[in-house]
Amino acid sequence: MTAKLVIGNWKMNTRLDSARALAEALLKDATTNREGVGVAAPAVYLAALAEQLKGGKIALSSQDVSRFDADGAFTGETSAAMLADVGCRYALVGHSERRQYFGEDNAALLAKMRHAIAAGVAPVLCVGETLEQREAGSYKEVVAEQLSVLSEVEGDYVIAYEPVWAIGTGKVASLEQIAEIHAFIKNWCLQNAAASDKIRVLYGGSVKAENAEAILATKNVDGALVGGASLDAGSFRVICQAAGKLI
Ligand code: PEP
């Protein structure tokens, strides 16, 4: 069994002091300061956190990356090269909140994936259906369409399956639902993606201290993308501990 990967997505939360305090708590604890644990921090704090995390084992991730590659007139953007420059190992790409609020489509996400991979930052492509799509029974088609960008990229990347209806809602997909869609994603990768045996598929959507172990033990779940619970060092620790036990 390969090591599980747990990434905390802090979203638009924390201030410099609280981000540093959270990172310090994770650094001090061998359960969280280890390979296979990462934090996706707000862009404005990445450089400070990179300094703080230096010497530790926690991987730094951004929450997004620009679809533009070259330096220049792209006000407000953060390029893949900039993320690599401050030491990001991962970049979230296509989180459902970015698809929803910023209209990110496959063309933009393909560009983001390519630029991140080229810069040596592993993108974490987030996919997942809405409640309407789940109830209409079209969730596999939706996920396959979101995955389709992967047939056009090669290199190191991660997939995070996050049903939109389970993000920040407290509703968790059942273990059967998780097992079914993760098997579907792995199978899709086998047929359509390069180096498919190396691709890790994380689950995200209301992962908490109480449910982490069962979710992480589910077949084809290679780790977790954790939102709300990652803002509390104690809860995140329990999730990382559950992942560590399954290595
Ligand atoms: C996320 O932000 O990717 C997420 C899964 O959030 P939460 O754990 O809060 O549902």
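**Charged side chains and the ligand shell**

K4 is found in the segment that precedes β1. In this predicted model, the residue is buried but takes part in no salt bridge. The nearest side chain of opposite charge belongs to D222, and it is 5.3 Å away; a salt bridge requires the nitrogen and the carboxyl oxygen to be within 4 Å, so the pair does not qualify. The side chain of K4 instead has backbone oxygens as partners. One is the backbone oxygen of V221, reached at 2.7 Å. Another is the backbone oxygen of L216, which lies 2.9 Å from a polar atom of the K4 side chain.

Which residue, then, forms a salt bridge with D222? The partner is K186, with the closest N and O atoms 2.6 Å apart. D222 sits in the loop between α9 (212-216) and β8 (223-226), whereas K186 belongs to helix α8 (residues 175-192), so this salt bridge ties together parts of the chain that are 36 residues apart in sequence. D222 counts as buried, at 11% relative accessibility, while K186 is partly exposed, with a relative accessible area of 22%.

The structure has 13 salt bridges by the same rule. Among them is the pair R114 and E152, whose side chains meet at 4.0 Å, N to O. R114 is part of helix α5 (residues 106-119), and E152 is in the loop between α7 (139-147) and β6 (158-161); the pair therefore joins parts separated by 38 residues in sequence. Both ends are partly exposed: R114 has a relative accessibility of 41%, and E152 has one of 47%. Elsewhere, salt bridges link D64, R98, E104 and K112 in a network.

A further salt bridge leads towards the ligand. K11 pairs with E97, and the closest N and O atoms of the two are 2.8 Å apart. This pair links distant parts of the chain, with K11 in the loop between β1 (5-9) and α1 (16-27) and E97 in helix α4 (residues 96-102), 86 residues apart. E97 is partly exposed, its relative accessible area being 24%.

K11 also has a polar atom in its side chain, N or O, at 2.8 Å from an oxygen atom of the ligand. The side chain of N9 offers another such contact, with an N or O atom 3.1 Å from a ligand oxygen. From S206 the contact comes through the backbone, where an N or O atom lies 2.7 Å from an oxygen atom of the ligand. The protein covers 97% of the 290 Å² of accessible area that the ligand has on its own.

What is the make-up of the shell by class? It has 4 nonpolar, 8 polar and 2 charged residues. Of the 14 residues around the ligand, those that come nearest are K11, E162, G168, S206 and G227.

Two of these nearest residues, K11 and S206, also merit attention for their backbone angles. Most residues other than glycine have a negative phi. The phi of K11, however, is positive, near 50°, and that of S206 is likewise positive, near 55°. K11 is in the loop between β1 and α1, and S206 is in the loop between β7 (200-204) and α9. At 9% relative accessibility, S206 counts as buried, because the limit for that class is under 20%.

Terms used: Residues are numbered from 1 along each chain as its sequence is written. This is a predicted model: local features need pLDDT of at least 70, side-chain atom pairs count only at pLDDT 80 or more; totals for chains, interfaces and linings use all residues. Side-chain values use heavy atoms; hydrogens and water are left out. Helices (H or I, at least four residues) and strands (E, at least two) are DSSP runs, numbered from the N terminus. Buried means under 20% relative accessible area, exposed over 50%, partly exposed in between (1.4 Å probe, protein chains only). A residue is near a molecule or strand if one of its heavy atoms lies within 4 Å of it. A polar contact is a pair of N or O atoms within 3.5 Å; within protein, one must be able to donate a hydrogen and the other to accept it, and residues adjacent in sequence count only if both atoms are side-chain atoms. Accessible areas come from the Shrake-Rupley method with a 1.4 Å probe; for residues, only the protein chains shown count as cover. Ala, Val, Leu, Ile, Met, Phe, Trp, Tyr, Cys and Pro count as nonpolar, Asp, Glu, Lys and Arg as charged, and the others, Gly among them, as polar. Lys and Arg count as positive and Asp and Glu as negative; His and the chain ends are not counted.
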